[in-house]
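Open the model in your viewer and keep the selection box handy. We will go from one stop to the next, and at each one I will say what to select and what is there.

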Amino acid sequence: MTPLSEIRLGGRNLNSQLSILAAGTVYYTIILVLALSHLESKFIMDGFSHVFTIANWGTFAAPMGRHVLVLHQLLPVIASNLGVSIRGIMEAYVVGDVLFHFSIFLCLLFVLKDKWAALFAVSVHVFGMCYNHFMMVGELHPGSMFAIMALSIICHWDYYSKRQKTLIVPAAFFTVSSHPLALVGFLVSAWLWRTATDRNIGLGYLKLMALSLVMLLFKWLLLDAYDQQTVGRTLRTFSEAAVVLLDSSYLLNFTLFFLFTSPVVAAMMLFGVLYLIDRRKYVTVLLFFAFQIGWMILVQQYLDFTYFSLSLIQSMMHDRYLFPMRFVAMSMLFLVVIPLGVRKSAWSNVQQYVFASWALCLPFLFFSAQKADTTIADFRNVIHIAREQGIAKGYYPVEEYCDDAYIHNGSFYATFILSSIDLEQACQILHASEETMMDLRHVKTDELLLMDGNIISTKMLNEKHFHIQSGTYKKLKYRCGTSF
């Protein structure tokens, strides 16, 4: 009988594929169990607004022109049209999320037959956004998955069939039409690989330059209002941020933040840089450092890392901004360092190291849900207090936010959705900013104020899936930490 280790499929060792498949399946199964057990915490940002639209109208809620979200929302939209409950729609959303990532993993492993890309995809899921992991951020992680698919095709262009090469079209499209940070990670990773690899391997310089320019142009045409507002809301100019970079305390605090949130990725980065220097890949190293330093300056335009605190580490939105740094560090390892330096005989050892890194990260997934769970508990507390006071439509000012709660504009939908799940009296409590308070003056008693000044008739809602009383918005007498 032929040993399993000697069986080959499509020129690839079957044993390697089976072991990767088994490890990936176990990982995504654990993720699914954890996600379902923290179901409500998955939706503390825009996810609640997506559920609101899907449940009420049975249609896709893909805001800001990001078409990749449609792939995430297919199962919940089907569930909504079948008359499933709101909680069932949320469960379908989570299941669809895991199935999407698992399907990309299978495509990389068995269609493109790229074991490095398959491991890379899972590792991005593991380490990409540790504190964002239990949030339905939606468009960033799917975009990064398609970016990995595009990178695989670029790296193995000469070895793929015409059918496999055609996957570059959807991969590039969904990378571009997702979050801009996914596109940033893709472009830098592609050029890191190109400068470190022989010219006769994969997609050449001219073709890669043409593809990069087309994707950048396409993204410029697809820039939505959210992207433009983000750029326009910088806290400081680029020159001011560059000056801050020279501050030793900023460098120390930023480094501590990155190490605390990305210890494994930081180790990958150090190992990869030392290896490339040893291989005299100086251009690649310079490009890598130029991006990492440039991104630190860019982040400093929007966020303040001049001090270090554990509460800042737990900020999920701040963690998102570091995603390209992690993505590029991992791509350097999986696309450049390992393929260049690992002999076939050592492949199983590297594979075991990768599996071990996933296992080491799994306990951190429990911590990654902590902030979201705290926020959901605060929302539940708000609902309890509102019902005690007989308030269906209320608000409390930003000054009274609980310290550990994460409040986002999308959370305007949160109390509405969570109170509807209870099958009791639905209510909506706004976490009101000054702008919201101004908008409240223009809201009629039979209207409901949602995110970004979106006003909807309660009569229309009551004819659909949700039911809420008419009336004016009343100030909630709110107190943190109430047990019920």
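Helices here are DSSP runs of H or I with at least four residues, numbered from the N terminus. With that in mind, select isoleucine 78, which sits in helix H3. Please remember throughout that this is a predicted model.

**Stop 1: a nonpolar patch on the surface**

Is isoleucine 78 buried, partly exposed or exposed? Its relative accessible area is 42%, and since the partly exposed class runs between 20% and 50%, isoleucine 78 counts as partly exposed. Now add Phe60, Leu74, Leu75, Leu82 and Leu99 to the selection: together with Ile78 they make a nonpolar surface patch of about 560 Å². Colour helix H3, residues 68–81, and you will see the element that gives the largest share of this patch, 3 residues.

**Stop 2: the salt bridges**

How many salt bridges does the model have? The count comes to 3. Start with arginine 87 and glutamate 40, whose closest N and O atoms are 2.8 Å apart in a salt bridge. Arginine 87 belongs to helix H4 (residues 86–111), while glutamate 40 is in the loop between helix H1 (14–37) and helix H2 (47–57), so this pair ties together parts that are 47 residues apart in sequence. Arginine 87 is partly exposed at 30% relative accessibility, whereas glutamate 40 is buried at 14%.

Keep glutamate 40 selected and add arginine 380: their side chains meet in a salt bridge of 2.6 Å, N to O. Arginine 380 lies in helix H20 (residues 370–388) and glutamate 40 in the loop between H1 and H2, so here the parts tied together are 340 residues apart in sequence. Arginine 380 counts as buried, with 17% relative accessibility. Show Glu40, Arg87 and Arg380 together, and you have a network of linked salt bridges.

Next, pick aspartate 97 and lysine 42, a salt bridge with its closest N and O atoms 3.4 Å apart. Aspartate 97 is in helix H4 and lysine 42 in the loop between H1 and H2, so the pair connects parts 55 residues apart in sequence. Both aspartate 97 and lysine 42 are buried.

**Stop 3: a buried serine**

Move to serine 123, in helix H5 (residues 115–127). Serine 123 has a relative accessible area of 0%, so it is buried. What does its side chain meet in a polar contact? Select tryptophan 358: a polar contact of 3.0 Å joins the two side chains. Leaving aside residues up to four places away in sequence, serine 123 touches Gly128, Met330, Phe334, Val354 and Trp358.

**Stop 4: the nonpolar cores**

In soluble globular proteins, nonpolar side chains tend to be buried together. The largest nonpolar core in this model has 105 residues, and those with the most contacts inside it are Leu108, Ile148, Met149, Phe186 and Trp358. Highlight helix H18, residues 323–341, which gives the most to this core, with 13 residues.

For a close-up, centre on methionine 149. Not counting residues up to four places away in sequence, methionine 149 touches Ile104, Cys107, Leu108, Leu112, Leu167 and Ala171. Apart from the largest core lies another of 50 residues; select Leu39, Phe43, Ile421 and Leu430, which are among them.

Technical notes: Residues are numbered from 1 along each chain as its sequence is written. This is a predicted model: local features need pLDDT of at least 70, side-chain atom pairs count only at pLDDT 80 or more; totals for chains, interfaces and linings use all residues. Side-chain values use heavy atoms; hydrogens and water are left out. A nonpolar core is a set of buried Ala, Val, Leu, Ile, Met, Phe, Trp, Tyr and Cys residues joined through side-chain atoms within 4.5 Å. Buried means under 20% relative accessible area, exposed over 50%, partly exposed in between (1.4 Å probe, protein chains only). Helices (H or I, at least four residues) and strands (E, at least two) are DSSP runs, numbered from the N terminus. Contact means heavy atoms within 4.5 Å. Patches are made of residues with over 30% relative accessible area and no salt bridge: like charges are joined within 9 Å, nonpolar side chains (Val, Leu, Ile, Met, Phe, Trp, Tyr) within 5 Å. Accessible areas come from the Shrake-Rupley method with a 1.4 Å probe; for residues, only the protein chains shown count as cover. A salt bridge is a side-chain nitrogen of Lys or Arg within 4 Å of a carboxyl oxygen of Asp or Glu. A polar contact is a pair of N or O atoms within 3.5 Å; within protein, one must be able to donate a hydrogen and the other to accept it, and residues adjacent in sequence count only if both atoms are side-chain atoms.
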